[in-house]
Amino acid sequence: MASNHLPLDGASGDALDSARAQGRLHHSIATTLLVIAAARAERAAPPVQAARQRLAQIYGATRLRKRLERETAQG
C-alpha cells in the first residue's frame, strides 16, 4: 500500500517551515496594506480633512505670529 505522506526528513521540514514563514509574511503585508488603506480613507473623509486643514491654518498663523514677535523684539 502506497503512502501519500511526505517523509519528515530535514529537507521537507525546512520547506514546510519556509512555506509557513512565507505565508505569515504575505498575511502581514496584506494586513498592513489594509490598515494603510483605512487610514487614508479616514483622512480623506470630509470632517477629518476639514479638521486637518483647520489645524494647519492655526499652526501656520501661530508660526507667523511668533516670527513677527521675534522680528519686532529684535528691532
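**Two helices and their surface**

Let me start with one residue, Ile29, which is found in helix α1, the helix that covers residues 10-44. Before going further I should say that what you have in front of you is a predicted model, and I will describe it with that in mind.

Ile29 is partly exposed, with a relative accessible area of 44%. This residue also has partners, since Leu25, Ile29, Leu33 and Ile36 form a nonpolar patch on the surface, and together these side chains have about 370 Å² of accessible area.

Now to the chain as a whole, where the count is 2 helices and 0 strands. How much of the chain counts as buried? Of its 75 residues, 0% do, and to count as buried a residue would need a relative accessible area under 20%. The area that the chain exposes is about 7000 Å², of which carbon and sulfur atoms supply 61%.

Let me turn to the other helix, α2, which takes in residues 46-74 and so has 29 residues, by the usual run of helical assignments. From its first C-alpha to its last, helix α2 reaches 42 Å, and this is close to the 42 Å expected at 1.5 Å a residue. After α2 comes Gly75, whose phi is positive, near 95°.

How many salt bridges does the model hold? The count comes to 2, and I will take them one at a time.

In one of them, Glu69 forms a salt bridge with Arg65, and the closest N and O atoms of the pair are 3.0 Å apart. Both Glu69 and Arg65 lie in helix α2, with their positions 4 residues apart in the numbering, which is about one turn of the helix. As for their surroundings, Glu69 is partly exposed at a relative accessible area of 44%, and Arg65 is partly exposed as well, at 42%.

The other salt bridge joins Glu71 to Arg67, with the closest N and O atoms 3.5 Å apart. Where do Glu71 and Arg67 sit relative to one another? They are 4 residues apart in helix α2, and are therefore separated by about one helical turn. Glu71 counts as partly exposed because its relative accessibility is 43%, and Arg67 likewise counts as partly exposed, at 42% relative accessibility.

To close, I would keep two places in view: the nonpolar patch that includes Ile29, and helix α2 with its bridge from Glu69 to Arg65 and its bridge from Glu71 to Arg67.

Conventions. Residues numbered from 1 in each chain as written. Predicted model: local features only at pLDDT ≥ 70, side-chain atom pairs only at ≥ 80, totals over all residues. Heavy atoms only, no water. Expected span 1.5 Å × (residues − 1). Buried < 20%, exposed > 50% of the residue type's maximum accessible area, 1.4 Å probe, protein only. Areas by Shrake-Rupley, 256 points an atom, 1.4 Å probe, with all protein chains shown as cover. Patch = residues over 30% accessible without salt bridge, like charges linked within 9 Å, V, L, I, M, F, W, Y side chains within 5 Å. Salt bridge = Lys/Arg side-chain N within 4 Å of Asp/Glu carboxyl O.
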